[in-house]
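These notebook entries record what I looked up in one structure. I went through its cysteines, its cores, one helix and its enclosed spaces.

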Amino acid sequence: MTLSRTELLADLLARAGVAPAPNGTNAPPQAGIIEGSNPTEYTPSNPITLFIIQASIVIILCQLLHYPLRLLNQPRVIAEVIGGIILGPSVMMRIPGFQEAIFPPASMPVFSNVANLGLIIFLFLVALEVDIRLFTSNWKVAASVGLAGMILPFGLGFAIAYGLFHQFTPEDISFGVFGLFIGTALAITAFPVLCRILTELNLLRSNVGVTVLAAGIGNDVTGWVLLALCVALVNNSSGLAALWALLCCIGWTLLLIFAVRPPFIWILRRTGSLQNGPTQGMVALTLLMVLTSAFFTGIIGVHPIFGAFLVGLICPHDGGFAIKLTEKIEDLISVLFLPLYFALSGLSTNLGTLNDGITWAYVVAVLVCAFAGKLIGGTLAAKANKLFWRESFTIGCLMSCKGLVELIVLNIGHQAGILDERTFTMFVIMALVTTVATTPLTKALYPPWYQKKVERYRRGEIDWDGNPVESSGSSRPDSADKLNDSHIRRLLVYLRLDSLPGLFTFIALLGPQYNQQSPKPEEAADAPLPQDEQVVIKKRPLEVHGLRIIELTDRTSSVMQVTEGEEFYSQHDPVVNAFRAFSQLHDLAVAGRAAVVPVDSYADTLMTQASEVSSDFALIPWGEYGSITEDQSVPYAVNASERFRGPMHLEFVQETFRRAQSTCNAGVFIDNGFGGLTTGGRHGLTRTTSAVSIRSFRDTAALPVANKNHHIFFPFIGGVDDRVALRVVLQLAKNPHVTASIVHINWSADGLSIVETSGAASTAESHGDKTAVNEDVTAQDLGILSTLQSSLPQGLVGRVVFSEINVPFGVAVGETIALAKKSVGQTPKNAGDLVVLGRRHARLGHAVTPAVGSSAPDLKSTVGPLAEQLVTGSGVKASVLVIQAGGRGLEL
């Protein structure tokens, strides 16, 4: 009888005395699924395969759930917990074979170890987010709101714990420990989620935001201390052992503060990590401190997360170190480790245990205690600090947010045996409901219109009924004064890194011009002035307010930039500082700050700032790369069509114009070498360039711009936008380096005719038939145009030329662009020319909404038909400024 190869091998092994495999099979196949092995089968010697499957399922499900929940302004933790509940015994594990195939009990220790490692590092990030300076600078209101927001819910929690303890009695747990834990669970506030909610609702700079953050810091730290006490009491057999554990924890805290923190900061300074961000070695050192501290607090009977939290508290916040360190490690934690932990929490949540009326009655009671304790305590404490009732209710509502911190607390209680599966599920539902309800309740209690009303009331602009408060000497100017007072006196500039050259040139032209000669150095400072020499008193300088906007993302570091770093960025941002220095050197009154907001809030942030500073004009540069964010690590060249196609940028500009309608005049500045600076493309390979490296090409030094003149072309068609644009052109023309051509466009049925008038000369003789030629030109347009021509200052005569053109209606846009080509770009060596346009012209087919069937705004509906033709392939070598009237400009 012939034996098979397998049988022969088994016979040889048996004769050699080799025992068979424990399960009676051969060694696992080395070729994996090629040899027919099951990848979902858990193998203790190689658990990574099943772990990859588990992690992939969790991450994909959490991302899918987060997308719709994000539209409802819900934090990511809600999607992660719901994903865990779906994968757990409540839903998916009811499917036969699902748990054995995907989450077998033997594989859960590996899954849990990875999740808990992520939790340790995450608690370190949570502590990094806590800036104690915010608490100390607002200690009075923080202490009162924080204590009131903890004492009342703690008492209610201890009271309801009595019923829970006797109804669902945990084994081997005393009522004192159980009540302490339940009170802590209801008293704690989720500081990280609170920061994100306040940031997304743009409340961080308000009284509500400052109060909630300061109180949340104290609440957070106190809650962790109480939780440490609970865990120490559970993990130690006697009260004396628990006391020793707490004393050891206090001693370890003092050691970290006084023995570890000073040399740690010294090392950071020596390596430059404090100023320039942590090096790779400093990141390794910090994480080693985190793990060491977690190890120590774990072996003394307190959970390892407390050690990680303590190291985060001692890390410095100077120089933005905490923000930069968070940037290094946050993505891996938030994308991989944290979803695993909250999925693990969901796997322990079984909604099937809530199977009777008394259980659901306790669920409702827990919810009522959680909401009522925080709402009543926080509201009364805030009202005692002289806030309005609506602000106080909002603070109480925000303090009731539980979020991920609550879930961490519940998981620790579940692992320690304080909570059984049913009680754990009750409190998970409470955490989800309170977190989900926080954002909509805050929006309802503290809507944007009420925020603006409170701000204006506190500034003394209105009374509480909304009526404007005017001083006794104030009066409305008549039409002549209004016309003369329509100059730009306060300018808001949206600062973009890629648009600074053109912005600086434009601001310099608007600034004051002084012909005074500075005194000679040898003249004494206190020398008396001659009798015949008069003291020149300068007029009020132009005020320029710069706003630098930084994108707020879902990352923790981005939120930290708002909670602790917005003022830091305002003081140290290089773009803001360059803007300040330039403005002061050009005799301008300047203010600048940085704001960290979501992309969809850029337009609202700009117009809110314009309203706060009472701006006359908001200047918004068009992005050099056609994107709404300008910080490109490696600038890349884009062609004209790509620059004006970005849907997000088009939507931003259109939304800015829409909001500016009720705020102030606004203009979009499309730079094309304004200031004499031209950008070239990549250097090509030439015979004189080394083939070794193109980057070794040396740029030649650019010579100073010899011809500092600018020419402005402005076609006046009519309408309120053109009337505002006309005033801007004449203000720019006051600069001696500026000349301007102002062409009045008339509709005509027969051909082209131009009448030129310069200086104070006027075309009043043709006013009689203008209305018949162009129905869009009103008497107000004609009156302002005539008034400005006749009252042109002597210094502008000869430099500002008024013209009038009659064009057929069908070719008005083409003829205007042809005139622009003849007027600008004729002196290539000058400092750059400018075409100024009004945005809205109904007769030219401009629509302020996208065309029918269009899913996104297009360039024509954003800047108007004339500007669209000018910037897309017209060949006009000049920058373009598109102006829209708004606010008081609508009265011109």
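**Entry 1: Helix α26 and its surroundings**

I began with α26 and asked which elements its buried residues pack against. I found the strands β1 (490-495), β2 (543-551), β3 (589-597) and β4 (617-621), together with the helix α28 (647-660). I note here that the model is a predicted one.

I then listed the residues of α26 itself, which spans residues 602-612. Its buried residues are Tyr-602, Ala-603, Thr-605, Leu-606, Met-607, Gln-609 and Ala-610. After the helix comes Ser-614, and I recorded a positive phi for Ser-614, near 55°.

**Entry 2: Cavities**

I searched the whole structure for cavities of 30 Å³ or more and obtained four. The largest cavity holds about 80 Å³ of space. I counted 13 residues in its lining, and those closest to its centre are Thr-199, Asn-202, Val-562, Val-596 and Val-597. Two elements, α9 (191-200) and β3, each give two or more residues to that lining. I had already met β3 as one of the elements against which the buried residues of α26 pack.

I also sorted the lining of the largest cavity by residue class: seven residues are nonpolar, three are polar and three are charged.

**Entry 3: Nonpolar cores**

I next asked which residues have the most contacts inside the largest nonpolar core. They are Phe-103, Phe-124, Trp-224 and Ile-408, in a core of 147 residues. Helix α15 (residues 321-347) gives the most to this core, namely 14 residues.

I followed Ile-408 further, setting aside its neighbours within four places in sequence. Ile-408 is in contact with Leu-119, Phe-122, Leu-123, Trp-224, Ile-305, Tyr-341 and Phe-342. Trp-224 thus appears both in this list and among the residues with the most contacts inside the core.

I also recorded a second, separate core of 51 residues; Leu-650, Phe-652, Ile-670 and Val-807 are among them.

**Entry 4: Cysteines**

How many disulfides does a search of the whole structure find? I obtained zero. For Cys-397, which is in no disulfide, I looked up the nearest cysteine sulfur: that of Cys-401, at 8.8 Å. A disulfide would need the two sulfur atoms within 2.5 Å.

I then asked whether Cys-397 and Cys-195 are buried or exposed. Cys-397 has a relative accessible area of 4%, so I entered Cys-397 as buried. Cys-195 has a relative accessible area of 0%, and I therefore entered Cys-195 as buried too.

Terms used:
Residues numbered from 1 in each chain as written. Predicted model: local features only at pLDDT ≥ 70, side-chain atom pairs only at ≥ 80, totals over all residues. Heavy atoms only, no water. Buried < 20%, exposed > 50% of the residue type's maximum accessible area, 1.4 Å probe, protein only. Helix = DSSP H or I, 4+ residues; strand = E, 2+ residues; numbered from the N terminus. Contact = heavy atoms within 4.5 Å. 1 Å grid on protein atoms, 1.4 Å probe; cavity = no way out; pocket = protein on both sides within 12 Å on 5 of 7 lines; lining within 4 Å. Points joined across faces, edges and corners; volume = space filled by probe spheres on them. Nonpolar A, V, L, I, M, F, W, Y, C, P; charged D, E, K, R; others polar. Core = buried A, V, L, I, M, F, W, Y, C linked by side-chain atoms within 4.5 Å.
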